[in-house]
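This report goes through the strand pairing, the helix packing and the chain and domain contacts of a model. The sequence and structure come next.

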Number of protein chains: 2
Amino acid sequence: MQNREIRLASRPIGVPTESNFEIRQSDVPAPAEGEVLLRTLYISVDPYLRGRMREGRSYIPPFEVGQVIVSGVVAEVVESHSPLFKPGDIVMGGLLPWQLHAAVRPESLQKVDPSIAPITTALGVLGMPGLTAYFGLLDIGKPQAGETVVVSGAAGAVGTVACQIAKLKGCRVVGIAGGKEKIDYLTKELGVDTAISYKSESGHKSAAELQREVATACPKGVNVYFDNVGGEISDAVLPLITNRARIVICGLISMYNKEQLEVGLRPQPFLLINSALMQGFIVTQYALRFGEGIRQLGEWLAQGKLKYAETIVEGFENTPRAFMGLFSGENLGKQIVKVA
Amino acid sequence: MQNREIRLASRPIGVPTESNFEIRQSDVPAPAEGEVLLRTLYISVDPYLRGRMREGRSYIPPFEVGQVIVSGVVAEVVESHSPLFKPGDIVMGGLLPWQLHAAVRPESLQKVDPSIAPITTALGVLGMPGLTAYFGLLDIGKPQAGETVVVSGAAGAVGTVACQIAKLKGCRVVGIAGGKEKIDYLTKELGVDTAISYKSESGHKSAAELQREVATACPKGVNVYFDNVGGEISDAVLPLITNRARIVICGLISMYNKEQLEVGLRPQPFLLINSALMQGFIVTQYALRFGEGIRQLGEWLAQGKLKYAETIVEGFENTPRAFMGLFSGENLGKQIVKVA
């Protein structure tokens with residue numbers, strides 16, 4: 001049986017291209033004692049992986065050139081040498097290799113129950129993106145009923161969940177996303193109060209233009225800003241924050257492909273005059289509370305209070321392209337690669 | 001008896017000048033029923049007053065042109081129509097007019113006990129600056145023994161207290177200030193581990209140069225950054241923060257005279273990769289805990305664990321000049337005007 005894997009061929013400079021990835025033939029590994037053999041079903045591509053392709057310190061070590069890339073994967077156990085899993089089990093792992101078949105230690109795998117929801121949700125609304133929205137918004141953003149919450153990257157895997165949780169908490173929610181399809185989805189499907197496109201006919205709206213639109217949508221100012229994007233979109237929101245506002249730095253997709261640290265509007269004056277908070281986080285710091293998050297998200301999903309969107313690309317070899325598409329905003333909701 | 005008062009003559013553009021202030025003769029007011037007549041002894045000039053000279057929203061309404069300026073003042077009660085105070089009492093108020101004599105409602109005055117410490121300390125180490133350092137550092141910065149704390153504006157009224165509290169908490173403390181006299185004071189008098197001057201022979205060191213010096217002084221990175229200055233000094237510290245660092249935005253003296261919002265290094269990436277916090281605050285949000293703060297600061301002072309410096313300018317008419325001197329860093333410790 002033939003195996004295939006995707007390695008980092010070179011570190012991207014700027015926006016990643018196909019040439020940064022190499023698809024290789026390999027042998028299906030034989031699982032050792034205690035290991036399981038997995039058949040990959042779905043691969044999650046995530047913006048944060050761009051950071052791992054860069055050298056230098058971050059919250060997670062960089063990929064080495066030549067290394068098989070790892071990310072969130074849903075797989076089927078096809079052979080087990082562990083008492084933890086049996087063949088046929090569906091599992092999810094957050095750091096599994098981009099491989100058709102992989103032999104791994106099973107300790108960090110979670111079982112996925114297909115009777116609860118489609119198994120792809122383990123990579124999205126019931127996985128890391130859902131938990132990221134849940135803990136980032138509730139634990140740092142602390143939205144109160146009646147407050148205004150702005151979400152950038154609102155139509156992405158994390159943003160869609162953040163928008164809906166903010167609505168469930170009784171907030172006025174303004175989503176910023178790119179293009180009509182996403183704007184319509186946010187307002188018509190997810191019940192976001194106002195959705196604003198950062199795209200203009202000629203490209204991107206200026207920060208000043210965007211600021212005017214956000215100001216109109218937020219007549220009482222912005223109490224919580226859940227930021228997935230950074231850059232000029234943040235410049236537009238910062239001047240609108242209220243006293244004691246909370247800014248959740250969840251992601252900075254506009255900056256991940258920059259080779260230099262960016263200059264831009266200094267946020268310190270806005271934080272000072274508003275006694276406001278800006279906080280970065282990484283979802284794994286909430287690992288001990290993942291159970292709570294998954295239970296609550298699952299309950300909302302079962303009650304129909306939480307919807308989700310997935311953009312599914314077919315074919316293992318299209319994984320790099322699906323990843324690259326994140327940076328041009330090609331995905332609505334969670335971007336997933338269907339392998340099988 | 002002649003009275004004098006200082007009014008805002010015009011809004012400063014950039015660095016304030018004498019022409020922005022007007023000293024006027026007036027009559028000594030007659031206190032109404034319930035009021036007290038004060039004789040001003042000491043006036044506090046504070047960087048934050050610059051913000052009030054500007055139009056526009058901040059945490060406190062702007063001064064109007066023509067209005068008598070108000071700030072922290074220590075005064076003697078010379079006539080009382082209130083049961084709260086009697087003639088001869090020494091009092092402090094945070095929002096008293098720049099006037100030789102003032103008739104005011106006494107409810108917001110605090111009695112100053114000259115037997116505890118010199119009465120000027122009610123404007124410094126035992127007043128707003130001390131409380132600002134106390135609550136900002138302990139409540140937001142949360143320094144832990146063994147951690148590294150960097151303080152900018154370290155030789156100012158707030159910075160000197162922040163440095164010493166951080167030392168009392170068992171931290172390695174690095175102070176950033178301007179010039180040899182301040183550097184010597186920080187290391188030799190206050191026990192700061194390393195003091196760094198932001199000044200060079202030709203003016204100010206570059207952010208890169210400063211970053212190298214701070215990096216050398218902080219081999220384990222910066223756990224807490226207590227920022228009184230902002231701008232390029234912050235650019236030098238930001239890249240050095242550790243995982244879960246806390247950045248306390250206490251003041252931004254480098255930016256108060258800027259007419260435009262500043263661009264500079266975006267801090268969001270550093271907050272994201274370090275799960276770090278940046279928080280602005282204003283000391284009055286801790287008003288209900290001022291008693292606790294004053295007690296603790298007074299105890300440290302009595303035990304000789306807390307020192308303070310004052311720069312005292314004599315003469316009411318020199319109040320504007322003392323205020324302007326804050327922005328060129330002429331003060332060591334608390335800048336006070338002695339009126340009598």
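In this predicted model, strand 8 (residues 148-152) and strand 13 (residues 222-227) of chain B run parallel and are joined by three bridges. Within this pair, B:Val150 stands opposite B:Tyr225 in strand 13 of chain B. Helices (H or I, at least four residues) and strands (E, at least two) are DSSP runs, numbered from the N terminus, and two strands pair if DSSP finds at least two bridges between them.

Helix 5 (residues 207-217) of chain B packs on the sheet, where it touches strand 8, strand 9 (172-177) and strand 10 of chain B. The direction of helix 5 makes about 175 degrees with that of strand 10 of chain B. Such angles run from 0 to 180 degrees between N-to-C directions, and axes are lines fitted to C-alpha atoms, for helices over the stretch in contact.

The sheet itself is open and has twelve strands, in the order 10(A)-9(A)-8(A)-13(A)-14(A)-16(A)-16(B)-14(B)-13(B)-8(B)-9(B)-10(B), with mixed pairing. Strand 10 (194-197) of chain A and strand 10 (194-197) of chain B stand at the edges with a single partner strand each, so one side of each has no neighbour in the sheet. From one strand to the next the twist averages 15 degrees.

The table lists strand pairs of this sheet.

| Strands | Sense | Bridges |
|---|---|---|
| 8 and 13 of chain B | parallel | three bridges |
| 14 (residues 241-249) and 16 of chain B | parallel | four bridges |
| 16 (residues 277-280) of chain A and 16 of chain B | antiparallel | three bridges |

In strand 16 of chain B, B:Met278 has B:Ile247 opposite. Across the chains, A:Leu277 stands opposite B:Gln279, and A:Gln279 stands opposite B:Leu277. Strand 16 of chain B is covered on both faces: B:Leu277 and B:Gln279 on one side, and B:Met278 and B:Gly280 on the other, are all buried. Buried here means that 20 or more other C-beta atoms, placed from the backbone, lie within 10 Å of the residue's own.

How many residues of chain B are in contact with chain A? There are 29, and they meet 29 residues of chain A; contact means C-beta atoms, placed from the backbone, within 7 Å. Strand 15 (263-265), helix 7 (268-273) and strand 16 (277-280) of chain B are the elements that give two or more residues to this side. Helix 7 of chain B gives the most, with five residues. By class, the side of chain B that touches chain A has 17 nonpolar, ten polar and two charged residues. Ala, Val, Leu, Ile, Met, Phe, Trp, Tyr, Cys and Pro count as nonpolar, Asp, Glu, Lys and Arg as charged, and the others, Gly among them, as polar.

Elsewhere in chain B, the axes of helix 2 (residues 128-141) and helix 8 (residues 290-302) come within 10 Å and cross at roughly 100 degrees. Helix 2 and helix 8 of chain B are therefore roughly perpendicular to each other, a term for angles of 65 to 115 degrees. Helix 2 of chain B contributes B:Gly130, B:Leu131, B:Tyr134 and B:Phe135 to the contact, and helix 8 of chain B contributes B:Phe290, B:Gly293, B:Gln296 and B:Leu297. This contact has five nonpolar, three polar and no charged residues.

Chain A is divided into domain 1 (2-124 + 309-338) and domain 2 (128-284), with bounds from an automatic or database domain assignment. Their C-alpha centres lie 28 Å apart.

Residues are numbered from 1 along each chain as its sequence is written, and chains are lettered from A and ligands numbered from 1 in the order in which they are written. As the model is predicted, local features need pLDDT of at least 70 and side-chain atom pairs count only at pLDDT 80 or more, while totals for chains, interfaces and linings use all residues.

Definitions and conventions:
Contact = placed C-beta atoms within 7 Å. Parallel < 35°, antiparallel > 145°, perpendicular 65-115°, else oblique. Buried ≥ 20, exposed ≤ 12 C-beta atoms within 10 Å, placed from the backbone.
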